[in-house]
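Thank you all for coming; please have the sequence and the structure open while I talk, and stop me if a term is new to you. I will speak about spaces inside the protein, then about charged pairs, and at the end about the surface.

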Amino acid sequence: MPKLKALMVAGVTTVFSRFSPFQLINLLVPRAGYRVHRALAFGSDPRQKLDVYVPDGLQGPAPVVLFFYGGGWQGGNRGDYLAFGQAFASAGMVAVVADYRLYPQVKYPGFVEDAAAALAFVRAHAADYGGDPGRIFLTGHSAGAYNAVMVASEPKFIAAHGGGLDWIRGVIGIAGPYNFLPMSDPIYVDMFHGTNNTDCMPVHHVDGLRPPMLLISGCDDDTVGLCNTNDMSERLRRFGSDVKVIFYKGVGHVGVILALVRGFRGIAPVRRDMLDFIRAH
C-alpha cells in the first residue's frame with residue numbers, strides 16, 4: 001500500500017505542473033460581483049504573492065478562505081484560479097489565492113513555510129478587505145492541500161510568525177497527499193530529503209488536538225490514493241480532532257476541483273459542502 005501511494009502521488013506532476021485547465025476556464029468565469037486586489041506581497045521573493053477577492057458591497061467581517069493550488073510543488077500560478085476566487089466571493093466570503101515557491105528553487109519545507117507566511121499576512125490584513133481575522137480557513141487542492149494541512153498539523157510553521165494553531169478556524173483538504181511514503185521518484189526523493197523521511201508527512205505531525213478539518217476526494221482519483229485521506233482522518237480522530245471525510249463517487253483528481261467552477265458544479269457538491277463546513281465553524 002505505501003508504494004501504491006507513492007506512485008499515485010507522483011502523478012500530480014503530470015496533471016498540473018505544466019498546464020492548468022483553469023487557464024482556459026478563466027475565460028468562462030464571471031467578472032461581476034467582486035473586485036480583485038492583485039499581487040500583494042507576503043514576502044520578498046517574486047513567488048510570494050497573493051490575490052484577494054472581495055465581494056461587492058461586503059459589509060464584513062466575513063469568513064476568509066485562503067487557497068493553495070496543486071502542481072506537484074513544481075508548477076502553478078495564482079492567476080489561473082480566478083474560478084476559485086469567484087466561487088467563494090460570490091458566496092459573500094473573502095477569497096485569497098496564494099502563490100508559493102516551487103521546486104527546485106526550494107525543497108521541503110520551503111513551500112510549507114510560504115503557506116504559513118501567507119496565512120500570517122492574511123491574518124494581519126484580513127480586516128483591510130472586510131475579512132474576519134478570527135475566521136480564516138485554509139484550503140488547497142492536491143499539493144496545495146498538503147501545504148494547508150501541514151501548516152495546520154505542525155505548529156512550528158505558524159509559531160515562526162508569532163502565532164498559533166488558533167489562527168486557523170478550519171481546514172479543507174481537496175484530494176491531498178498526506179502520507180505517501182516510501183518515495184521512489186528521484187524528484188520527490190530530492191524534494192523531500194530521502195525515500196522515507198517521515199518528517200515531511202503531515203500525518204506524522206499530528207500529536208494533539210488540531211483545527212477542524214474537512215477532507216474530500218473523488219472515488220475515481222488515480223493520482224493521489226484515497227488512503228491518504230483515510231490515514232489523515234484516522235490520525236486526527238485518534239487525538240480527538242474534529243474531522244469530516246467526503247468521497248464523491250465517479251469523480252477524479254481534476255473533477256473534484258473543477259466542481260467548484262460555475263457551470264461544472266453538477267459534477268459533485270464540492271462547493272456546497274465546503275460552504276457548509278465554513279458556515280458551521
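By class, how many nonpolar, polar and charged residues does the lining of the largest cavity have? Before I answer, please keep in mind that this is a predicted model, and that the values I quote are computed from it.

The lining of the largest cavity has eight nonpolar residues and one polar residue, with no charged residues. You can find the lining yourselves by selecting Val52, Val64, Val94, Val96, Phe121, Val122, His125, Ala126 and Tyr129. Two elements, β4 (94-98) and α5 (110-125), each give two or more residues to this lining, and the largest share, three residues, comes from α5. As for the space itself, the largest cavity holds about 50 Å³.

How many cavities of 30 Å³ or more does the count come to? The count comes to two, and in the second largest cavity there is about 30 Å³ of space. Around that second largest cavity we find Phe22, Phe67, Tyr81, Ala83, Phe84, Ile257, Leu260 and Val261, and by class this lining has eight nonpolar residues, with no polar and no charged ones.

Let me now turn to the charged residues. Side chains of opposite charge can pair when their charged atoms come close. In this model the count comes to nine salt bridges, and I would like to go through three of them slowly.

In one of them, Asp99 pairs with Arg78, and the closest N and O atoms of the two are 2.6 Å apart. This pair links distant parts of the chain, since Asp99 sits in the loop between β4 and α5, while Arg78 sits in the loop between β3 (62-68) and α4 (82-89), 21 residues apart. Are these two residues buried or exposed? Asp99 is buried, and Arg78 is buried as well. Both of them also belong to a network of salt bridges, in which Arg38, Arg47, Asp51, Arg78 and Asp99 are linked.

Another salt bridge joins the side chains of Asp190 and Lys107, at 2.8 Å from N to O. Here too the pair links distant parts of the chain, with Asp190 in helix α8 (residues 186-191) and Lys107 in the loop between β4 and α5, 83 residues apart. Asp190 counts as partly exposed because its relative accessible area is 30%, and Lys107 is likewise partly exposed because its value is 35%.

The last salt bridge on my list is formed by the side chains of Arg210 and Asp207, at 2.7 Å from N to O. Please look at each partner separately: Arg210 has a relative accessibility of 9%, so this residue counts as buried, whereas Asp207 has a relative accessibility of 58%, so this residue counts as exposed.

Finally, let us go to the surface. Which residues form a nonpolar patch there? The patch is formed by Leu24, Leu27 and Leu28, which together have about 370 Å² of accessible area. If we take Leu27 as our example, we find this residue in the loop between α3 (22-25) and β1 (34-41), and Leu27 counts as exposed because its relative accessible area is 67%.

That is the end of my list, and I am happy to take questions.

Note on methods: Residues are numbered from 1 along each chain as its sequence is written. This is a predicted model: local features need pLDDT of at least 70, side-chain atom pairs count only at pLDDT 80 or more; totals for chains, interfaces and linings use all residues. Side-chain values use heavy atoms; hydrogens and water are left out. Patches are made of residues with over 30% relative accessible area and no salt bridge: like charges are joined within 9 Å, nonpolar side chains (Val, Leu, Ile, Met, Phe, Trp, Tyr) within 5 Å. Accessible areas come from the Shrake-Rupley method with a 1.4 Å probe; for residues, only the protein chains shown count as cover. A salt bridge is a side-chain nitrogen of Lys or Arg within 4 Å of a carboxyl oxygen of Asp or Glu. Helices (H or I, at least four residues) and strands (E, at least two) are DSSP runs, numbered from the N terminus. Buried means under 20% relative accessible area, exposed over 50%, partly exposed in between (1.4 Å probe, protein chains only). On a 1 Å grid over the protein atoms alone, a cavity is a set of points where a 1.4 Å probe fits but cannot get out, and a pocket is an open set with protein on both sides within 12 Å along at least five of seven lines; lining residues have an atom within 4 Å of a point. Grid points are joined across faces, edges and corners, and a volume is the space filled by probe spheres set on the points. Ala, Val, Leu, Ile, Met, Phe, Trp, Tyr, Cys and Pro count as nonpolar, Asp, Glu, Lys and Arg as charged, and the others, Gly among them, as polar.
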